[in-house]
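This report introduces a protein structure to a reader who has not met it before. Please look over the sequence and the structure shown below before reading on.

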Amino acid sequence: MQWLQWLSSIYDFIRPALDVALLAFILYKGYELLEKTQALPLVKGAGFLALVYAIAFFFNLTTLRWVLTTIAPGLFIAIAIVFQPELRKIFMRLGQTEFFRPNTTVQTGKIDAVITAAEILSQRRRGMLAVFPRKINIKNIIDTGTRINAEISSSLIVAVFEFDGPLHDGAMVIQNGKIVAASCFLPLSERQDIRKNFGTRHRASLGMAEQSDAVILIVSEETGAISLAYDAKLYYDLTSSEVTRKLMELLDKGARKEIAQKNASGEETEVLVE
């Protein structure tokens, strides 16, 4: 029985640290999820109301406390209605995440093939939209298109997007080193601060980046600009080297290790801005 007492004493010793660590992890993941779904204004508004109520309680402002207590139920309902899209995105991401998902990385050589196709289409002013899923399952998006299940090649990608064929419209999904499907429909972003000169491709890529953790590569048909969308943000008009580096960092585990080593050694890396 002594070993049980010994384990119990160890557990009592590490329990506070474990409690704090788990709480910190939950708070960090929660903040990360809110940031990626553009729901931070919801948290800021709730925090502001909580601060006002705390001030009213501390200084015994009875009238203000009564007003806040009276309108609180209706206020919560109003917040739920106003921020319904953001709340829906949060629950969608929680429900779609697969913690034990198989390897979804794309090797560096295949990333280069996609970039080569993007450069060719950019020069020819032909639009392109390619989705690289990560942890969140996007089977519902894949099912809207046509299954291909072909090996990645720049010639095949160019052939799909260069001409106005049946697979030209929509997005191509690239996963596990293969072109899974083409002509897939993506959800459009509901944000109001998008540039007016952005077309459907950019709005669809941003909408996909808001509702999943996928990385989306866009080639503009109007300007030939090559862009990336991920983590609910759009990085517009990047150079080929910037796109290659960022895709390798986000999708290729081996490249991530190499980039991390370079960062540790003090080498500078380019920073992408929204």
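The account that follows treats the protein as a whole, its cores, two helices, a pocket and two individual residues.

**Overall features**

The model is a predicted one. The protein contains 10 helices and 7 strands. Of its 274 residues, 39% are buried. The exposed surface comes to about 16,200 Å², and carbon and sulfur atoms supply 62% of that area. Where contacts join residues at least 6 apart in sequence, 65% of them link residues at least 24 apart.

**Nonpolar cores**

In soluble globular proteins, nonpolar side chains tend to be buried together. Here the largest nonpolar core holds 32 residues, and Met128, Phe132, Ile157, Leu217 and Leu247 have the most contacts inside it. The element that gives the most to this core is helix α5, residues 108-123, with 7 residues. A second, separate core has 22 residues, among them Val131, Cys184, Leu186 and Ile194.

Which residues does methionine 128 contact, leaving aside its neighbours within four places in sequence? They are Val114, Ala118, Leu121, Ile157, Phe161, Arg201, Leu217, Ile218 and Val219.

**Helices α8 and α9**

The table sets out the two helices.

| Helix | Residues | First to last C-alpha | Buried residues |
|---|---|---|---|
| α8 | 200-211 | 16 Å | 9 of 12 residues |
| α9 | 240-251 | 16 Å | 9 of 12 residues |

For α8, a rise of 1.5 Å a residue predicts a span of 16 Å for 12 residues, and the distance between its end C-alpha atoms agrees with this. Helix α9 likewise reaches 16 Å, close to the 16 Å expected at 1.5 Å a residue.

Why is α9 described as largely enclosed by the rest of the structure? The reason is that 9 of its 12 residues are buried. These buried residues are Glu242, Val243, Thr244, Arg245, Lys246, Leu247, Met248, Leu250 and Leu251. Leu247, listed among them, is also one of the residues with the most contacts inside the largest nonpolar core.

Helix α8 is mostly covered. Its buried residues are His202, Ala204, Ser205, Leu206, Gly207, Met208, Ala209, Glu210 and Gln211.

**The second largest pocket**

The second largest pocket encloses about 260 Å³ of space. Its lining consists of 16 residues, and those nearest its centre are Leu129, Gly170, Thr200, Arg201 and Ala204. Helix α8 gives the most to this lining, with 4 residues. Arg201, which lies among the residues nearest the pocket centre, is also in contact with methionine 128.

**Serine 183 and asparagine 176**

Serine 183 belongs to strand β4, residues 178-184. Its relative accessibility is 13%, so serine 183 counts as buried. Not counting residues up to four places away in sequence, serine 183 touches Thr144, Gly145, Pro166, Leu167, Asp169, Gly170 and Ala171. Gly170 is also one of the residues nearest the centre of the second largest pocket. Leucine 129 is 54 residues from serine 183 in sequence, and their C-alpha atoms are 9.4 Å apart.

The phi angle of serine 183 is near 60°, a positive value in a residue other than glycine. Asparagine 176 also has a positive phi, near 55°. Asparagine 176 lies in the loop between β3, residues 171-175, and β4. Is asparagine 176 buried or partly exposed? With a relative accessibility of 42%, asparagine 176 counts as partly exposed.

Definitions and conventions: Residues numbered from 1 in each chain as written. Predicted model: local features only at pLDDT ≥ 70, side-chain atom pairs only at ≥ 80, totals over all residues. Heavy atoms only, no water. Core = buried A, V, L, I, M, F, W, Y, C linked by side-chain atoms within 4.5 Å. Buried < 20%, exposed > 50% of the residue type's maximum accessible area, 1.4 Å probe, protein only. Helix = DSSP H or I, 4+ residues; strand = E, 2+ residues; numbered from the N terminus. Contact = heavy atoms within 4.5 Å. Areas by Shrake-Rupley, 256 points an atom, 1.4 Å probe, with all protein chains shown as cover. Expected span 1.5 Å × (residues − 1). 1 Å grid on protein atoms, 1.4 Å probe; cavity = no way out; pocket = protein on both sides within 12 Å on 5 of 7 lines; lining within 4 Å. Points joined across faces, edges and corners; volume = space filled by probe spheres on them.
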